[in-house]
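Trainee: I should be grateful for a close look at one strand of this structure, together with whatever surrounds it. Please begin with the chain as a whole and then proceed to the strand.

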Amino acid sequence: MARIIRERPSYYSEFRCTGNTTCIDNCCVLWDLPIDDATAGYYLSLEGEFGDYVRSNMFQNEEGKWYAKLKEGNRCSFCTEDNLCNIRLHLGEHAQVLLCEVYPRERDIKVGNYRLDRMLIACSEVASLIYKDEREKLEFIRWEEESECEEEADGEKLSDCKKSDGEESDELIKKTAELLAFRDGLVEGIQTGAFDASVFGAYEPIGELERFFNEALYFDGHEPTETIMRETRELLPEAENLRKKFYDAVPQAKVWMRKSAAYFAHRNLLDAMQDGSIHGPLVSVFRSAHILELICLSRFKSKGRFDVDDMIESAHTFGLTFELSMHNIELMKKTSETDIKDDSCLKENSEMRPFLYP
């Protein structure tokens, strides 16, 4: 038996899809929903009137892949008038297509003997759980459990804890423990204000940020996001002067930004194990905090005020732009001396990315 460390944010189990009741956006519109093969087979086997309803709202493309049809308003055909999922309401969450079951969750991210469940602020309901929580720190639940040495992966057996591979496995476990200790210390330091000078004071030159915005990919066709990102780019020359006004007018914003930076540190630094270096992931933590802050500043300037709902929408905009694109995830790590990896060589660590990332 192997000892596995598992962790998830405290708000993970609190998440519920709210449809259009409180959600500021909806991920069930504007695009054809892919139905994975296993779920498609299950839907095709459903009996009765509901089975007929499900099948009538499915179609196959030229490659034989199944999708859900879009109906009036470019909404998923499985949506109710309240933008809730009919599949989930009638059959349960387990019956949803793989993408809907996963998003906005990212489950079982593997690093050595560590397993992480996490969530994406690209979903406004996740952002709401973070910023409406009156506690000043994000909290994470960690526990240990025993697991078989061999685990299924892509149809093959992994034996990294067999005696013959023990030396390599021990080294991987050691490196994982060192990375987690560094990450946990950084998360704690950020949330106690120890790194405020870095999070709120060390900013990239305007020219470097202009280059960054020019190279980023954007969520085409999503008008609110396009507008906010355009206004954020236009804000760059005056951001330094606006920053002090923002924090003077909205003292709580510093707590929100500390939470944000802690969120980025907790999720982004795991990439060091895949990348082979801490440099890019560490750059991405502080760059992500700075870009999110710029989005907040833009919203503050346009409205003349800023509250927790604005923070949620700013985080949601950031997430749609920089969490759902592998290109932008790699761009977050890039400095003037490095290049973005070829997208075809990127190792996916989430079941949703093959569907959502361009």
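**A buried strand and its surroundings**

Mentor: Residues 24 or more positions apart account for 72% of the contacts in the chain that have a separation of 6 or more. The model is predicted, with a chain average pLDDT of 83 and 84% of the residues scoring at least 70. Its 16 helices and eleven strands belong to a chain of 358 residues, of which 49% count as buried.

The confidence is unevenly distributed among the elements: strand β11 (residues 156–158) has the lowest mean pLDDT, 38, and helix α11 (residues 252–268) the highest, 95. Two stretches call for caution. Over residues 150–168 the pLDDT stays under 50, and the model has 20 contacts there beyond four places in sequence. Residues 340–358 also stay under 50, with 47 such contacts.

The strand I propose to examine is β8, which spans residues 114–119. Six of its six residues are buried. The covering extends to both faces: Tyr-114, Leu-116 and Arg-118 lie buried on one side, and Arg-115, Asp-117 and Met-119 on the other. Each face thus includes an arginine among its buried residues.

Consider next the strands that pair with β8. Strand β7 (residues 105–111) pairs with β8 in the antiparallel sense over five bridges; one example is Glu-106, whose bridge partner in β8 is Arg-118. These two strands form a hairpin with two residues between them, and Gly-112 in the turn has a positive phi of about 60 degrees. Strand β1, by contrast, runs parallel to β8, and three bridges join them. Ile-5 stands opposite Tyr-114 of β8 in this arrangement.

Ile-5 and Tyr-114 lead to the nonpolar interior. The largest core has 79 residues, and the members that touch the most others are Tyr-43, Ile-121, Tyr-131, Phe-246, Ile-291 and Phe-318. Helix α13 (residues 279–303) contributes the most to this core, with ten residues. Apart from it lies another core, of nine residues, and Ile-5 and Tyr-114 are among them, as are Leu-179 and Ala-272.

At the other end of β8 stands Met-119, which counts as buried because its relative accessibility is 1%, and a residue is classed as buried under 20%. Met-119 touches Tyr-11, Tyr-12, Phe-15, Pro-104, Arg-105, Val-126, Tyr-263 and Arg-267, when residues up to four places away in sequence are not counted. One of these, Pro-104, is 15 residues from Met-119 in sequence, and the two C-alpha atoms are 5.5 Å apart.

Beyond the end of β1, the loop between β1 (2–9) and β2 (33–35) holds Ser-10. Ser-10 is also buried, because its relative accessible area is 14% and the limit for that class is 20%. Its contacts, again without residues up to four places away in sequence, are Arg-135, Glu-139, Phe-140 and Ile-141.

Two of the contacts of Met-119, Tyr-263 and Arg-267, fall within the residue range of helix α11. This helix is mostly covered, with 15 of its 17 residues buried. The length of α11 can also be checked: at 1.5 Å a residue its 17 residues should span 24 Å, and the end C-alpha atoms are 24 Å apart, so the expected and modelled values agree.

Helix α11 in turn brings us to helix α14, since the buried residues of α14 pack against α11, as well as against α5 (124–131), α8 (206–215), α9 (223–235), α13 and α15 (326–333). Helix α14 (residues 308–322) reaches 21 Å from its first C-alpha to its last, close to the 21 Å expected for 15 residues at 1.5 Å a residue. Twelve of those 15 residues are buried, so α14 is largely enclosed by the rest of the structure. The buried residues of α14 include His-316, Thr-317 and Phe-318, and Phe-318 has already appeared among the members of the largest core that touch the most others.

To summarise the strand itself: β8 is buried on both faces, is joined to β7 by antiparallel pairing and to β1 by parallel bridges, and includes Met-119, whose contacts include Tyr-263 and Arg-267.

Key. Residues are numbered from 1 along each chain as its sequence is written. This is a predicted model: local features need pLDDT of at least 70, side-chain atom pairs count only at pLDDT 80 or more; totals for chains, interfaces and linings use all residues. Side-chain values use heavy atoms; hydrogens and water are left out. A nonpolar core is a set of buried Ala, Val, Leu, Ile, Met, Phe, Trp, Tyr and Cys residues joined through side-chain atoms within 4.5 Å. Buried means under 20% relative accessible area, exposed over 50%, partly exposed in between (1.4 Å probe, protein chains only). Helices (H or I, at least four residues) and strands (E, at least two) are DSSP runs, numbered from the N terminus. pLDDT is the predictor's confidence in each residue, from 0 to 100. Contact means heavy atoms within 4.5 Å. The expected span of a helix is 1.5 Å times one less than its number of residues. Two strands pair if DSSP finds at least two bridges between them.
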